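Student: I would like a close look at one part of this model, followed outward to whatever it packs against. Please keep the account connected.

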Amino acid sequence: MSQAVLQHLAELEQQLKQSHLWQTEPVDSQALASVQPFCCDTLRFEQWLQFVFIPKIHEMVVNRQPLPTNIAISPMCAIAFAGHPRQQALFNCLNELDALIANGAQ
């Protein structure tokens, strides 16, 4: 199942790139130090996905650490990307990833 999580993370990255929401420049390290959910006070949601969520879940899978069992990223997607032309594709991708991880993918 861990391979499935890595594949979904790669798909999410691809969806963000196709949606023109992937940035080439790193964010300031202080922005990553936020303690707010989704770093909402320092990052846009797509930045949080790119610089926090994807690397953290990838690292957990590679290091065989247990993944969170209570995860719900897709609802935030519905809010953050409301009105974006590719919002549904992004939502579907995150919803599948939520379900995969919540159902015990390790």
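How many residues does helix 1 have, and how far does it reach from its first C-alpha to its last?

Tutor: The model is a predicted one. Helix 1 has 17 residues, and from its first C-alpha to its last it reaches 24 Å. That is close to the 24 Å expected at 1.5 Å a residue. After the helix comes H20, which has a positive phi, near 60 degrees.

The buried residues of helix 1 are V5, H8, L9, L12, Q15 and L16. Because they cover an arc of only 120 degrees around the axis, they are on the same side of helix 1. What these buried residues of helix 1 pack against is helix 2 and helix 4.

This leads to the core. The largest nonpolar core contains 28 residues, and the members that touch the most others are V5, L12, L49, F53 and I57. Two or more residues are given to this core by each of helix 1 (2-18), helix 2 (45-62) and helix 4 (87-102). Helix 2 supplies the largest share, eight residues. As a general point, nonpolar side chains in soluble globular proteins tend to be buried together. V5 and L12 thus appear twice in this account: they are among the buried residues of helix 1, and they are also among the core members with the most contacts to other members.

Helix 4 can be read in the way helix 1 was. Its 16 residues should span 22 Å at 1.5 Å a residue, and its end C-alpha atoms are 22 Å apart, so the two values agree. Q87, L90, C93, L94, L97, D98, L100 and I101 are buried in helix 4. They are on the same side of helix 4, because the arc they cover around the axis is only 170 degrees. The cover over the buried residues of helix 4 includes helix 1, helix 2 and helix 3. Just after helix 4, G104 has a positive phi of about 95 degrees.

Q87, in helix 4, deserves a separate word. Its relative accessible area is 16%, so Q87 counts as buried, the limit being under 20%. Leaving aside residues up to four places away in sequence, Q87 touches C77, A78, F81 and A82. Of these contacts, C77 is buried at 0% relative accessibility, and F81 is buried at 3%.

F81 also belongs to an aromatic group. Five aromatic pairs are found in a search of the whole structure. One of them joins F38 and F45: the ring centres are 5.6 Å apart and the planes are at 75 degrees, so this pair is edge-to-face. F38 is partly exposed, with 22% relative accessibility, whereas F45 is buried at 5%. F45 also pairs with F81, with ring centres 5.5 Å apart and planes at 55 degrees, so that pair is tilted. The F45 and F81 pair links distant parts of the chain, since F45 is in helix 2 and F81 is in the loop between helix 3 (74-80) and helix 4, 36 residues apart. F38, F45, W48, F53 and F81 together form one aromatic cluster. F53 is also one of the residues that touch the most other members of the nonpolar core, which ties the aromatic cluster back to the packing described above.

The cysteines can be taken next. Zero disulfides are found in a search of the whole structure. For C77, the closest cysteine sulfur is in C93, 8.8 Å away, which is too far for a bond. C39 is buried, with a relative accessible area of 5%. The closest cysteine sulfur to that of C39 is in C40, at 8.1 Å, so this distance too is too far for a bond.

One loop residue remains. Q36 is placed in the loop between helix 1 and helix 2. Its relative accessibility is 38%, so Q36 counts as partly exposed. Q36 and Q23 are 13 residues apart along the chain, and their C-alpha atoms are separated by 21 Å.

To return to the starting point, the buried residues of helix 1 are on the same side and pack against helix 2 and helix 4. Helix 1 is in turn among the elements that cover the buried residues of helix 4.

How values were computed: Residues are numbered from 1 along each chain as its sequence is written. This is a predicted model: local features need pLDDT of at least 70, side-chain atom pairs count only at pLDDT 80 or more; totals for chains, interfaces and linings use all residues. Side-chain values use heavy atoms; hydrogens and water are left out. A nonpolar core is a set of buried Ala, Val, Leu, Ile, Met, Phe, Trp, Tyr and Cys residues joined through side-chain atoms within 4.5 Å. Buried means under 20% relative accessible area, exposed over 50%, partly exposed in between (1.4 Å probe, protein chains only). Helices (H or I, at least four residues) and strands (E, at least two) are DSSP runs, numbered from the N terminus. Contact means heavy atoms within 4.5 Å. A disulfide is a pair of cysteine sulfur atoms within 2.5 Å. Rings of Phe, Tyr and Trp (its six-membered ring) pair if their centres lie within 6.5 Å; planes under 30 degrees apart count as stacked, over 60 as edge-to-face and the rest as tilted. The expected span of a helix is 1.5 Å times one less than its number of residues. The arc is that of the directions from the helix axis to the C-beta atoms.
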